Amino acid sequence: MWTDLIKAMAGFPDAVLTGVDAQGFPSSVRCRPQPDPAIRALHIDRAPGVALLDGPASLLCHSHDRNLWRLRSLLVRGQLTTTETTWVFHPTALVPGTGLAGPVGDARSFIAARQRAGRYLARRGLTRPKVPWQLIRDTARRGTSTN
């Protein structure tokens with residue numbers, strides 16, 4: 001997993017580290033993880049004013065073009081430990097997202113998301129909402145918002 005992680009992360013300039021703060025709430029900070037091959041962990045400079053507790057954490061890497069196309073994403077699950085100057089992130093699972101899993105992986109993700117949405121709606125006795133495509137097209141043509 002380590003080699004795949006380093007290879008995948010090389011395509012992203014930064015990441016978002018999410019852990020738990022002292023009040024038990026999730027807290028996120030943008031960071032630039034630095035690989036430490038000797039311990040197969042990532043060092044992350046601690047951000048001023050952000051206090052994350054040791055424990056479960058995740059790293060999210062994503063990128064897209066200025067029009068929000070060409071989305072690529074990667075999620076890394078792991079454990080966070082704290083030193084005086086850095087957080088040390090020990091990866092335990094690599095979850096390739098859109099753009100990294102290949103066309104078949106992207107299709108699987110889309111199908112799985114649609115199935116999850118269907119189960120969510122079924123449990124609540126709801127029907128799938130109708131998307132007002134014509135309104136969206138008309139609004140895009142005019143270059144204005146719907147609000």
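**Salt bridges, sheet and helix packing**

With a relative accessibility of 23%, Asp-65 counts as partly exposed. This value, like the others reported here, comes from a predicted model. Asp-65 takes part in a salt bridge with Arg-70, where the closest N and O atoms are 3.4 Å apart. Its partner, Arg-70, is exposed, with a relative accessible area of 68%. The 23% of Asp-65 lies between the limits of 20% for buried and 50% for exposed, which is why the residue falls into the partly exposed class.

Over the whole structure, the search returns three salt bridges. Side chains of opposite charge can pair when their charged atoms come close. A further pair consists of Asp-138 and Arg-141, with 2.8 Å between the closest N and O atoms. Both residues belong to helix α3 (residues 133-142), and because they are three residues apart there, about one helical turn separates them. An α-helix has 3.6 residues a turn, so residues three or four places apart point the same way. In this pair, Asp-138 is partly exposed, its relative accessible area being 27%, while Arg-141 is exposed at 61%.

The side chains of Arg-30 and Asp-14 also meet in a salt bridge, at 3.4 Å from N to O. Here distant parts of the chain are linked: Arg-30 sits in strand β2 (residues 26-31), whereas Asp-14 lies in the loop between α1 (2-9) and β1 (15-20), with the two positions 16 residues apart in numbering. Arg-30 has a relative accessibility of 53% and therefore counts as exposed.

Turning to the sheet, seven strands are arranged in the order β2-β1-β5-β6-β7-β4-β3, forming an open sheet with antiparallel pairing. Its edges are β2 and β3 (34-36), each of which pairs on one side only. On average, and ignoring direction, neighbouring strands of the sheet are turned by 35 degrees against each other. Strand β4 (residues 41-45) and strand β7 (residues 86-96) run antiparallel and are joined by four bridges. Asp-45 has Thr-86 as its bridge partner in β7.

Within this sheet, strand β5 (residues 55-63) contains Ser-58. At 19% relative accessibility, Ser-58 counts as buried, because the buried class holds residues under 20%. Apart from neighbours within four places in sequence, the residues in contact with Ser-58 are Val-16, Leu-17, Thr-18, Leu-75, Val-76, Arg-77 and Phe-89. Val-16, Leu-17 and Thr-18, three of these contacts, fall in β1 (15-20). Leu-75, Val-76 and Arg-77, also on the contact list, fall in β6 (72-82), and Phe-89 falls in β7 (residues 86-96).

Helix α1 lies across β3, β4, β5, β6 and β7, and runs at about 40 degrees to β4. Its buried residues are Trp-2, Leu-5, Ala-8 and Met-9. These cover an arc of only 135 degrees around the axis, so they are on the same side of α1. The buried residues of α1 pack against β3, β4, β5, β6 and β7. On the face turned away from the buried side, α1 carries the exposed residues Thr-3, Asp-4 and Lys-7. Helix α1 thus has a buried side made up of Trp-2, Leu-5, Ala-8 and Met-9, and a face turned away from it with exposed residues.

Notes
Residues numbered from 1 in each chain as written. Predicted model: local features only at pLDDT ≥ 70, side-chain atom pairs only at ≥ 80, totals over all residues. Heavy atoms only, no water. Salt bridge = Lys/Arg side-chain N within 4 Å of Asp/Glu carboxyl O. Buried < 20%, exposed > 50% of the residue type's maximum accessible area, 1.4 Å probe, protein only. Contact = heavy atoms within 4.5 Å. Pairing = 2+ DSSP bridges. Axes fitted to C-alpha atoms, helices over the stretch in contact; angles between N-to-C directions. Arc of directions from axis to C-beta.
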